[in-house]
Each structure stands twice: as C-alpha cells, then as structure tokens.
Amino acid sequence: MKKTIKKVAKKIELVRVNLAGVQYSDYQTCVGLKAGSPLKLTWERNNKFDDEAIRVDYYGTKIGYIPKGNNQEMLHGCREDGIKVTCSVVAFNKANPTWTMISVKCEITAPSNDRDVDIDF
C-alpha cells in the first residue's frame, strides 16, 4: 500500500506584543474584535512621532501600534525582504489598562521546500 503525505507550509511566530497607543485609538468602535481576529499592518514611514511606526488596524479602524524597538526592526526587515507578515489578536480584555488591553502576534509563513512524499507500508 502507498500513501502520499502532503508537505504543508508552516506558520512561524515572530512577535507577540501588547499594542502601544491603544488609548489614542478607536478600539471602542470595533465590533467583533476578539482572539483570532485578523489584523492589518500598515507601515507608517511618515509618522511624525516614529518613522519606523507600524500601525495595526481592524477592518480599517486603528487599534494601536507595534511597540517601538527590535520588534519593529524585525518586521520591517521581513517586509523589505518580500516576506509577507500576518497579524492577529491573541487577547482582548477591555478590563485591562490600555497598555495591556490588546495582545497580538505577527507571523510569517515558511514555504515547504519539499515535495509530497510517497510512503510504502
């Protein structure tokens, strides 16, 4: 008997952070924001406070920013190398202070370089 095992791409988590600037966002208007919700990253090179700023949006509504520092550099590096970065909500707790209210993770998808494998058994 022969069975084919499909090789699949693997998600690699790069960053897990609490969003910065939530208190200045419109998160209160976001209906349906919850763990697992997909988010959009916008690279704000012309941001007057931080030229490395990465804004995080939920269906067109700004909910915060990736905090300044090494995380930004890594995400910018991925983008500049043509690697697609996805982002989603890990936790959303309205009872927390704004600086810990929304946690997100950013991932890349590592392609499978191997072809399908046939196994005889």
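**Group meeting talk: strands, salt bridges and a pocket**

Okay, let's start in the middle: strand 3 and strand 6, which is residues 85-92, pair in the antiparallel sense over 2 bridges. By "pair" I mean that DSSP finds at least two bridges between the two strands. Strands themselves are DSSP runs of E with at least two residues, helices are runs of H or I with at least four, and both get numbered from the N terminus.

A bit of housekeeping. What you see is a predicted model, with local features needing pLDDT of at least 70 and side-chain atom pairs counting only at pLDDT 80 or more, while totals for chains, interfaces and linings use all residues. Residues are numbered from 1 along each chain as its sequence is written, and side-chain values use heavy atoms, with hydrogens and water left out.

Back to strand 3. In the pairing with strand 6, leucine 39 stands opposite cysteine 87. Strand 3 also pairs with strand 4, again antiparallel, this time over 5 bridges, and there leucine 41 faces valine 56. Is strand 3 mostly covered or mostly open? Mostly covered: 5 of its 7 residues are buried. Buried means under 20% relative accessible area, exposed means over 50%, and partly exposed is in between, using a 1.4 Å probe and protein chains only.

Now zoom out. The protein has 1 helix and 8 strands, and along the sequence the order reads β-β-β-β-β-α-β-β-β. Out of 121 residues, 36% are buried.

Next stop, strand 7, residues 102-110. Strand 2, residues 10-18, runs antiparallel to strand 7, and 8 bridges join them. Strand 6 pairs with strand 7 too, antiparallel, over 7 bridges. Have a look at glutamate 107 in strand 7: glutamate 13 stands opposite glutamate 107, and so does threonine 86.

Glutamate 107 also brings us to salt bridges. Here that's a side-chain nitrogen of Lys or Arg within 4 Å of a carboxyl oxygen of Asp or Glu. How many are there in the whole structure? The search turns up 6. One of them joins glutamate 107 and lysine 105, at 3.6 Å from N to O. Glutamate 107 is buried at 13% relative accessible area, whereas lysine 105 is partly exposed at 23%. Elsewhere, Glu44, Arg55 and Asp57 are joined into one network by salt bridges that share partners. Within that network, arginine 55 and aspartate 57 meet at 2.9 Å, N to O, and both of those residues are buried.

Then there's arginine 45 with glutamate 80, where the closest N and O atoms are 2.8 Å apart. Arginine 45 sits in the loop between strand 3 (38-44) and strand 4 (53-58), and glutamate 80 is in helix 1 (residues 70-80), so this pair ties together parts that are 35 residues apart in sequence. Arginine 45 is partly exposed at 35%, and glutamate 80 is exposed at 57%.

Cysteines, quickly. A disulfide is a covalent bond between the sulfur atoms of two cysteines. The cut-off used is two cysteine sulfur atoms within 2.5 Å, and that gives 0 disulfides. Remember cysteine 87? Its closest cysteine sulfur is in cysteine 106, 3.8 Å away, which is too far for a bond. Cysteine 87 is buried at 5% relative accessibility, and cysteine 30 is buried at 11%.

One oddball before the pocket. Most residues other than glycine have a negative phi. Tyrosine 59 isn't a glycine, yet it has a positive phi of about 45 degrees. You'll find tyrosine 59 in the loop between strand 4 and strand 5 (61-65), exposed at 65%.

Finally, the largest pocket, which holds about 260 Å³ of space. Of its 13 lining residues, the closest to the centre are Gly21, Asn47, Phe49, Asp50 and Tyr65. A pocket here is an open set of points on a 1 Å grid over the protein atoms alone, where a 1.4 Å probe fits, with protein on both sides within 12 Å along at least five of seven lines; lining residues have an atom within 4 Å of a point. Grid points are joined across faces, edges and corners, and the volume is the space filled by probe spheres set on the points. By class, the lining has 7 nonpolar, 3 polar and 3 charged residues. Nonpolar covers Ala, Val, Leu, Ile, Met, Phe, Trp, Tyr, Cys and Pro; charged covers Asp, Glu, Lys and Arg; the others, Gly among them, are polar.
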